[in-house]
Amino acid sequence: MEKYLCSICGYIYDEAKGIPESGIAPGTLWEDVPKDWVCPLCGATKEEFIKQGESATTTENKPVSVIELSSDMKELSPLEMSALCTNLARGCEKQYKPEEASLFTKLAEYFKKAAAPAKEPEFDNLLELIENDLKEGFPNANAIASSEKDRGAMRALVWSEKVTRILNSILSRYEKEGDALLDNTGVYVCTICGYIYIGDTIPDICPVCKVPNWKFEKIEGR
């Protein structure tokens, strides 16, 4: 029997084991899994899975030229600085550096107060920005981190790309299903890496950054 890997979060569907708690009996072949079934960890559809041992067509190793920093430099807005400092604070928390995390959190709050009110992004624009990050942003960032041999940056990029792919998958499902996707269920976010889980029982550990589930926060007021 075969195993199928979620190309977004790494969850493995094992035909031999099935998922009895979800009504999929042991021995259920992949083609017999319902078409509307989604990954129990990240919500990806069946189309996002590949047979274990095969390569996904979307993740082929293609040479990526490093962007020219001089032409890509720009001044960050206060809101962008706030987001950057928030991410740095979470990184420090992950590395058990509470003092540095506290300082970056204060900086994030300072820049957020100095920022102009953010406009609500249109749904289509949000999807376009995410897809652009996946097609261009991450390959360029990974190329730079690799050329600099910055292992910390490469690890952070692995996390952030996984989370971005999960978000892209969730938004694509929301585009099709609308509010029904979120009816009568919880939405949780890992406060370290931003992983989003839709469901009532969160995993014991974050599948992206491996922190325990007490690091998750439930999103209220949806």
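In this predicted model, Tyr-4, Tyr-13, Trp-30, Trp-37 and Phe-49 come together as one aromatic cluster. One member of the cluster, Trp-30, also has a charged neighbour, since Lys-46 lies over the face of its ring at 4.8 Å from the ring centre.

Aromatic pairs occur elsewhere too, and a search of the whole structure finds nine of them. One of these is formed by Tyr-110 and Phe-111, whose rings are edge-to-face, with 5.3 Å from centre to centre and 75° between the planes. Tyr-110 counts as exposed because its relative accessible area is 56%, and the cut-off for that class is over 50%. Phe-111, at 21% relative accessibility, is partly exposed.

Another pair is formed by Tyr-195 and Phe-216, with ring centres 6.0 Å apart and planes at 85°, so this pair is edge-to-face. It links distant parts of the chain, for Tyr-195 belongs to the loop between strand 4 (187-190) and strand 5 (196-198), while Phe-216 belongs to strand 6 (residues 216-218), and the two residues are 21 residues apart. Both are buried, Tyr-195 with a relative accessible area of 0% and Phe-216 with one of 9%.

The table sets out the ring geometry of these two pairs.

| Aromatic pair | Distance between centres | Angle between planes |
|---|---|---|
| Tyr-110 and Phe-111 | 5.3 Å | 75° |
| Tyr-195 and Phe-216 | 6.0 Å | 85° |

The chain as a whole has five helices and six strands, and from the N terminus on, the order of these elements is β-β-β-α-α-α-α-α-β-β-β. Of its 222 residues, 32% are buried. The chain exposes about 14,800 Å², and carbon and sulfur atoms supply 52% of that area. Among the contacts with a separation of 6 or more, 52% are between residues 24 or more positions apart.

Helix 4 (residues 123-147) can be checked by its length: at 1.5 Å a residue, its 25 residues should span 36 Å, and because its end C-alpha atoms are 35 Å apart, the two values agree. Along the way, helix 4 bends by about 45° at Asp-133. Just after the helix, Lys-149 takes a positive phi of about 55°.

Which residues of helix 4 are buried? They are Leu-127, Ile-130, Leu-134, Phe-138, Asn-140, Ala-143 and Ala-145, and the buried residues of this helix pack against helix 5.

Two residues on the other side of this packing show how the helices meet. Asn-168 is found in helix 5 (residues 151-177), and Thr-164 has its place in helix 5 as well. Leaving aside residues up to four places away in sequence, Asn-168 touches Leu-127, Ile-130, Glu-131 and Leu-134, whereas Thr-164, on the same basis, touches Ile-130, Leu-134 and Phe-138. Asn-168 has a relative accessible area of 16%, and because this is under 20%, the residue is buried. Thr-164 is likewise buried, with a relative accessible area of 14%.

Methods: Residues numbered from 1 in each chain as written. Predicted model: local features only at pLDDT ≥ 70, side-chain atom pairs only at ≥ 80, totals over all residues. Heavy atoms only, no water. Helix = DSSP H or I, 4+ residues; strand = E, 2+ residues; numbered from the N terminus. Buried < 20%, exposed > 50% of the residue type's maximum accessible area, 1.4 Å probe, protein only. Contact = heavy atoms within 4.5 Å. Phe/Tyr/Trp six-rings, centres within 6.5 Å; stacked < 30°, edge-to-face > 60°. Lys NZ or Arg CZ within 6 Å of the ring centre and 35° of its normal. Areas by Shrake-Rupley, 256 points an atom, 1.4 Å probe, with all protein chains shown as cover. Expected span 1.5 Å × (residues − 1). Bend = angle between axes of the 7 residues up to and from the residue.
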